[in-house]
Amino acid sequence: MKIFSKIAICITLFICVAILIISIYPGALNSFFFPVMLVSIVCVPFAVLAILFWGLRTLGRRDLKSIRLRRQTFVPWREVAIIAGIVLVCYVLLKFYIPRRLAFMISQSAFEQVRVQLPISAKGNIKLNRKLGLYEVDEYAMDSRGGVYFRVFWRGDGLSPDTISYGFVHQPNSEGSPFGAAKYQLFYLYGDWYWFRVSDDF
């Protein structure tokens, strides 16, 4: 039974680390949500059936007395506490955007350099397609209402033709962005920097 506990800890740790790495990119976790749900709908029933089959097979091989004895003597509380601790730490790091903040701190000088170099009078969105630190920035835009926007990720808005854009912004305004104004959200990083989410829907 201990081997299964260790495997469960390793799987939990792997999943949490993968989620934290993916969360560095604004919007990346959201884009994984739908495929993960589809895979879960297909895979979870098979996993439950496999566990039930394994459990019934195990019950068939052992007599009732030894099973009762094992249930009384072995509860992997230590492993359960480790798994719960890993999940809790992962949740707290995601809730306060710690991986994203650290990744952007590493990349900030590259963003600042582009912000200073590109002309202040630039109109419209500029195709950038450059790697700035840890991020691949596809578009750069200056908003007349305030804010210098760097889009690092975009995806379709479900079945509609609308696009949801994610990225980083310096000194943003609260009304909208060059990438749209619908569902416009700003999330504070530090200093004058924020990350944003916005749709080009009307």
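These legends go with close-up views of a predicted model. Residues are numbered from 1 along each chain as its sequence is written, and side-chain values use heavy atoms, leaving out hydrogens and water. Local features need pLDDT of at least 70 and side-chain atom pairs pLDDT 80 or more, while totals for chains, interfaces and linings use all residues.

**View A. Helix 1 from end to end.** Helix 1 covers residues 2-22 (helices are DSSP runs of H or I, at least four residues; strands are E, at least two; both are numbered from the N terminus). At 1.5 Å a residue, times one less than the number of residues, its 21 residues should span 30 Å, and the end C-alpha atoms do sit 30 Å apart, so the two agree.

**View B. Two sides of helix 1.** Ser-5, Ile-9, Thr-12, Cys-16 and Leu-20 are buried (under 20% relative accessible area, against over 50% for exposed; 1.4 Å probe, protein chains only). They share one side of helix 1, because their arc around the axis is only 65° (taken from the directions from the helix axis to the C-beta atoms). Over on the other side, Ile-3, Cys-10, Phe-14 and Ile-21 are exposed. Helix 4 and helix 5 are among what covers the buried residues (contact means heavy atoms within 4.5 Å).

**View C. The second largest pocket.** This pocket holds about 280 Å³ of space. Of its 15 lining residues, Leu-29, Leu-94, Tyr-97, Arg-100 and Trp-195 are the closest to its centre (on a 1 Å grid over the protein atoms alone, a pocket is an open set of points where a 1.4 Å probe fits, with protein on both sides within 12 Å along at least five of seven lines; lining residues have an atom within 4 Å of a point). Helix 4 gives the most to the lining, three residues.

Technical notes. Grid points are joined across faces, edges and corners, and a volume is the space filled by probe spheres set on the points.
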